[in-house]
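Colleague: I would like to learn how to read the helix packing in a model such as this one, beginning with the overall layout and then going contact by contact. Could we look at the structure together?

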Amino acid sequence: MGARRTARERALQALYQLEMTPGSVHDALEAAWAATEEARKEAEAVKFARELVEGVMSHRDEIDRLIEQHSHNWRLDRMSRIDRNVLRLGVFELKYRPDIPKKVSLNEAVELGKNFGTEESSAFVNGLLDRVAAALGKQ
């Protein structure tokens with residue numbers, strides 16, 4: 001698995017933990033890395049995971065507004081924690097990481113939904129992120 005995919009998985013786990021038990025980004029990321037069987041952490045993956053979690057947390061209100069604005073008939077608090085945090089990661093990448101192509105952000109979010117969510121998660125995440133991307137003018 002690539003460093004960025006690993007980083008996204010750890011970032012999702014850290015965001016989930018922060019939602020369940022508020023704490024520091026550092027502690028949540030350390031717990032996410034410790035929960036894996038990986039013998040070593042790649043520096044690139046650690047850095048990218050931290051950028052994602054810190055970015056989502058610092059822009060969370062705006063990210064949540066975008067999600068609610070484009071989720072038809074779904075309030076944020078009714079979404080599963082996994083779906084909600086996958087969406088937060090995807091919206092963060094779409095809005096604040098112009099170095100990451102739209103297609104990559106959507107595909108990675110869909111994969112996170114498949115791997116960590118329910119059977120419906122990937123389609124839900126894909127549809128909502130596609131609407132957000134269109135609203136943001138991402139080609």
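Colleague: In what order do the elements of the protein run from the N terminus on?

Modeller: This is a predicted model, and from the N terminus its elements run α-α-α-α-α-α-α, that is, 7 helices and 0 strands. The radius of gyration is 14 Å, close to the 14 Å that the globule rule gives for 139 residues, so the protein is as compact as a globular protein of that length. The C-alpha trace spans about 40 × 30 × 30 Å along the principal axes.

Colleague: Which elements have the lowest and the highest mean pLDDT?

Modeller: pLDDT is the predictor's confidence in each residue, on a scale from 0 to 100. The mean for the protein is 92, with 96% of the residues at 70 or more; among the elements, helix α2 (residues 25-34) has the lowest mean, 91, and helix α5 (residues 81-96) the highest, 97.

Colleague: At what angle do α1 and α3 pack, and how far apart are their axes?

Modeller: Angles under 35 degrees count as roughly parallel and those from 65 to 115 as roughly perpendicular. Helix α1 (residues 3-20) and α3 pack at about 40°, with their axes 8 Å apart, and the two helices are therefore oblique to each other. The crossing in which α1 passes α3 is right-handed.

Colleague: Which residues meet there?

Modeller: From α1 come Ala-3, Arg-4, Ala-7, Arg-8, Ala-11, Ala-14, Leu-15 and Leu-18, which meet Glu-44, Ala-45, Phe-48, Ala-49, Leu-52, Val-53, Val-56 and Met-57 in α3. Divided by class, this contact has 13 nonpolar residues, no polar ones and 3 charged.

Colleague: How do α2 and α3 pack against each other?

Modeller: Here the general point is that only angles over 145 degrees count as roughly antiparallel. The angle between α2 and helix α3 (residues 43-58) is about 135°, with the axes 11 Å apart, and α2 and α3 are therefore oblique to each other, in a crossing that is right-handed. On the α2 side the contact is made by Val-25, His-26, Leu-29 and Trp-33, and on the α3 side by Ala-45, Val-46, Ala-49, Arg-50, Val-53, Glu-54 and Met-57. These residues divide into 8 nonpolar, 1 polar and 2 charged.

Colleague: Where α1 meets α6, which residues take part, and how do they divide by class?

Modeller: It helps to start from the geometry. The axes of α1 and helix α6 (residues 102-116) come within 11 Å and cross at roughly 60°, so α1 and α6 are oblique to each other, and α1 passes α6 in a right-handed crossing. Arg-5, Arg-8, Glu-9, Leu-12 and Gln-13 of α1 meet Val-104, Glu-108, Glu-111, Leu-112, Asn-115 and Phe-116 of α6, and the contact divides into 4 nonpolar, 2 polar and 5 charged residues.

Methods:
Residues are numbered from 1 along each chain as its sequence is written. This is a predicted model: local features need pLDDT of at least 70, side-chain atom pairs count only at pLDDT 80 or more; totals for chains, interfaces and linings use all residues. Side-chain values use heavy atoms; hydrogens and water are left out. Helices (H or I, at least four residues) and strands (E, at least two) are DSSP runs, numbered from the N terminus. Axes are lines fitted to C-alpha atoms, for helices over the stretch in contact, and angles run from 0 to 180 degrees between N-to-C directions. A crossing is left-handed if the near helix is turned anticlockwise from the far one by less than a right angle, and right-handed if clockwise. Contact means heavy atoms within 4.5 Å. Ala, Val, Leu, Ile, Met, Phe, Trp, Tyr, Cys and Pro count as nonpolar, Asp, Glu, Lys and Arg as charged, and the others, Gly among them, as polar. The radius of gyration is taken over C-alpha atoms; the globule rule is 2.2 Å times the number of residues to the power 0.38.
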